[in-house]
Amino acid sequence: APRLLQAIAKDGVIPVLNPMAVSSSRGEPVRALLLTAFISELGILIGNLDYIAPILTMFFLMCYMFVNLACTLQSLLRTPNWRPRFRYYHWSLSLIGASLCLVVMFLSSWYYALMAMGIAGVVYKYIEYRGAEKEWGDGLRGLALSAARFSLLRLEEGPPHTKNWRPQVLVLCKLNNDYLPKHRKMITFASQLKAGKGLTIVASVLEGDYQKMAAEAQASKQGLKRVLQDERVKGFAEVVVGNSVVSSIGHL
């Protein structure tokens, strides 16, 4: 438990645990060990382990469940860096393990299971709110990319039916000196035209050389994204750098 706590602290996704990332001269997680001992002592002072056992059981089962679920997702998504060494491994085994952990959680105590899952959900949303990005990636994002790839391939099978038609609006914006649209209400108007459906692409063209204006293009794209968020418009932002506006529009 102390080393697990130290590993979470080293990831830096929960600022409160950052002091636990420090190790001693011999590489021992002393601070995490002291915190674990303090929490354990509080549990002992309760005087009845029957109150603590269900909570510990739920968190351990939930930990095993998420490990199995992560293995299942990595296998189904065929992540390049996921290469299990166990010869007889199959993603179905991980899925069965995750399902069994979930079943045992609710069979043991359904209210403690809901409590543990609620705490895990709060921690996940907090990490998502902070926008933490780590080198281990995000399995849900990989799942979304795979679903988008599958949907795009399905669209190539044939022309869309008239009942499935949705408006696709391209909004060309002229930017000011702060890299923001001069007439931002055009974006809201375009969103009203499609009534929340279809696709909206907000684009702008910068005249010049891309090698010299790469930073300006990135700043302009971020500015367009902020305007989309402020106007509550779901769509994509794109900035093109070219020698002339007319020729650059053809690349959108």
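Student: Why does the sulfur of Cys-63 form no bond with the closest cysteine sulfur?

Tutor: That closest sulfur belongs to Cys-101, and at 9.3 Å it is too far away for a bond. A disulfide needs the two sulfur atoms within 2.5 Å, so the pair of Cys-63 and Cys-101 does not qualify. Keep in mind as we go on that this is a predicted model.

Student: How many disulfides does the structure hold?

Tutor: Zero.

Student: Is Cys-63 buried, exposed or partly exposed, and how do you know?

Tutor: Its relative accessibility is 37%. Buried means under 20% and exposed means over 50%, so Cys-63 falls in between and counts as partly exposed.

Student: And what makes Cys-173 buried?

Tutor: The relative accessible area of Cys-173 is 8%. The limit for buried is under 20%, so Cys-173 is called buried.

Student: What about Leu-42: why is it called partly exposed?

Tutor: Leu-42 has a relative accessible area of 46%. That value sits between the 20% and 50% limits, so partly exposed is the right label. You can find Leu-42 in helix H2, which covers residues 30-46. While you are there, compare it with Lys-125: the two are 83 residues apart in sequence and 28 Å apart in space, C-alpha to C-alpha.

Student: Let's turn to the rings. How many aromatic pairs does a search of the whole structure find?

Tutor: Four. One of them is formed by Phe-86 and Tyr-88, with 6.0 Å centre to centre and 75° between the planes.

Student: What makes Phe-86 and Tyr-88 an edge-to-face pair?

Tutor: Take two steps. Ring centres must lie within 6.5 Å to pair, and these are 6.0 Å apart. Planes over 60 degrees apart count as edge-to-face, so the 75° of Phe-86 and Tyr-88 earns that name. Both Phe-86 and Tyr-88 are exposed.

Student: Then why is the pair of Tyr-111 and Tyr-112 called tilted?

Tutor: Its planes are 40° apart, with the centres at 5.0 Å. Stacked needs under 30 degrees and edge-to-face needs over 60, so this pair is left with the name tilted. Tyr-111 has 45% relative accessibility and counts as partly exposed. Ring pairs also link Tyr-111 and Tyr-112 with Trp-110 into a cluster.

Student: Which strands make up the sheet, and what makes some of them edge strands?

Tutor: The open sheet has three strands in the order S1-S2-S3, with parallel pairing. Strand S1 (168-172) and strand S3 (236-242) are the edge strands, as each pairs on one side only. On average, neighbouring strands of this sheet are turned by 25° against each other, direction ignored.

Student: How do you know that S1 and S2 pair?

Tutor: Five bridges join S1 to strand S2 (residues 199-207). Pairing takes at least two bridges, so S1 and S2 qualify. Among the partners, Leu-170 stands opposite Ile-201 in S2, and Leu-172 stands opposite Ala-203 in S2.

Student: How many bridges join S2 to S3?

Tutor: Seven, and the two strands run parallel. Ile-201 has Phe-236 as its bridge partner in S3, while Ser-204 has Val-239 there.

Student: Which side chains of S1 are buried?

Tutor: Val-169 and Val-171, which point to one face. Gln-168, Leu-170 and Leu-172 point to the other face and are not buried.

Student: Why is S3 called mostly covered?

Tutor: Count its residues: five of the seven in S3 are buried.

Student: Finally, where is confidence lowest and where is it highest?

Tutor: Helix H6 (residues 139-155) has the lowest confidence, with a mean of 69, and helix H4 (residues 91-108) the highest, at 91. For the protein, the mean pLDDT is 79, and 91% of residues reach 70 or more. Where pLDDT is low, the predicted coordinates should not be read in detail.

Technical notes:
Residues numbered from 1 in each chain as written. Predicted model: local features only at pLDDT ≥ 70, side-chain atom pairs only at ≥ 80, totals over all residues. Heavy atoms only, no water. Buried < 20%, exposed > 50% of the residue type's maximum accessible area, 1.4 Å probe, protein only. pLDDT = per-residue confidence, 0-100. Helix = DSSP H or I, 4+ residues; strand = E, 2+ residues; numbered from the N terminus. Axes fitted to C-alpha atoms, helices over the stretch in contact; angles between N-to-C directions.
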